[in-house]
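Trainee: Could you take me closely through one part of this protein, namely the surroundings of its second bound ligand, and then set that part against the rest of the chain?

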Amino acid sequence: MSIRIGNSCINCENLSTNKLCKVHGVKVATNYTCDSFNMKAALKNDPNCGNCARYETTTCANPQKATPGMLCSHWAPQNAQA
Ligand code: SF4
Ligand code: SF4
């Protein structure tokens with residue numbers, strides 16, 4: 001399996017409160033993942049610089065052009081709980 005920055009429990013739709021996984025019924029850590037990973041809908045439906053973890057950081061691939069609403073292939077989800 002290839003490693004992707006977004007495929008962790010913290011960006012998974014199945015993560016509920018208290019770090020409990022709805023699929024497995026156990027506590028998980030934010031750096032875990034599994035084959036049931038399901039990207040949060042908010043991240044899946046509207047990826048853009050405004051919700052990119054790289055925005056205004058040294059890891060942004062296009063720091064001169066990055067602006068909310070724009071998107072590039074280096075987009076990465078934020079560690080958002082919402
Ligand atoms: S389904 Fe997998 S990736 Fe999602 S919260 Fe549970 S253990 Fe983590
Ligand atoms: S330009 Fe790409 S890497 Fe930079 S913030 Fe926008 S989506 Fe992220």
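Mentor: What follows starts at that ligand, moves along the residues beside it, and ends with the remainder of the chain.

The model is a predicted one, and every value below should be read with that in mind. Around ligand 2 there are 13 residues, of which C49, C52, C60, N62 and C72 are the closest. By character, this shell consists of 10 nonpolar residues, 2 polar ones and 1 that is charged.

C49 is a good place to begin, since it is one of those closest residues. In the chain, C49 lies in the segment after α1, the helix that spans 41–45. C49 counts as partly exposed because it has 19 C-beta neighbours inside 10 Å, whereas a buried residue needs 20 or more. If we set aside the neighbours within four places in sequence, the contacts of C49 are Y55, A66, T67, P68, M70 and L71. C49 and C72 are 23 residues apart along the chain, and their C-alpha atoms are separated by 8.0 Å; C72 is also among the residues closest to ligand 2.

C60, another of the closest residues, likewise sits in the segment after α1. From C-alpha to C-alpha, C60 and C49 are 9.2 Å apart in space, with their positions 11 residues apart in sequence. C60 has 19 C-beta neighbours inside 10 Å, and therefore it too is classed as partly exposed. Apart from residues up to four places away in sequence, C60 touches R54, Y55 and A66. Y55 and A66 therefore appear in both contact lists, for they are named among the contacts of C49 and again among those of C60.

In this segment after α1 there is also E56, whose backbone deserves a careful look. The phi angle of E56 is near 60°, which is a positive value in a residue other than glycine. E56 has 9 other C-beta atoms within 10 Å and is exposed for that reason, the limit for this class being 12 or fewer.

The segment before α1 offers a counterpart in N18, where phi is again near 60° and positive, although the residue is not glycine. N18 is exposed as well, with 6 other C-beta atoms within 10 Å. K22 has its place in the segment before α1 too, and its 12 C-beta neighbours inside 10 Å put it in the exposed class, because that class takes in 12 or fewer. Leaving out residues up to four places away in sequence, K22 touches N14 and S16.

N14 leads on to the other ligand, since the residues that come nearest to ligand 1 are C9, C12, N14, C21 and C34, out of 13 around it. The shell of ligand 1 divides into 9 nonpolar and 4 polar residues, with no charged residue, while the shell of ligand 2 has 1 charged residue.

As for the chain as a whole, its secondary structure comes to 1 helix and 0 strands. Of its 82 residues, 10% are buried. Among the contacts with a separation of 6 or more, 41% join residues that are 24 or more positions apart.

Notes
Residues numbered from 1 in each chain as written. Chains lettered and ligands numbered in written order. Predicted model: local features only at pLDDT ≥ 70, side-chain atom pairs only at ≥ 80, totals over all residues. Near = placed C-beta within 6 Å. Nonpolar A, V, L, I, M, F, W, Y, C, P; charged D, E, K, R; others polar. Helix = DSSP H or I, 4+ residues; strand = E, 2+ residues; numbered from the N terminus. Contact = placed C-beta atoms within 7 Å.
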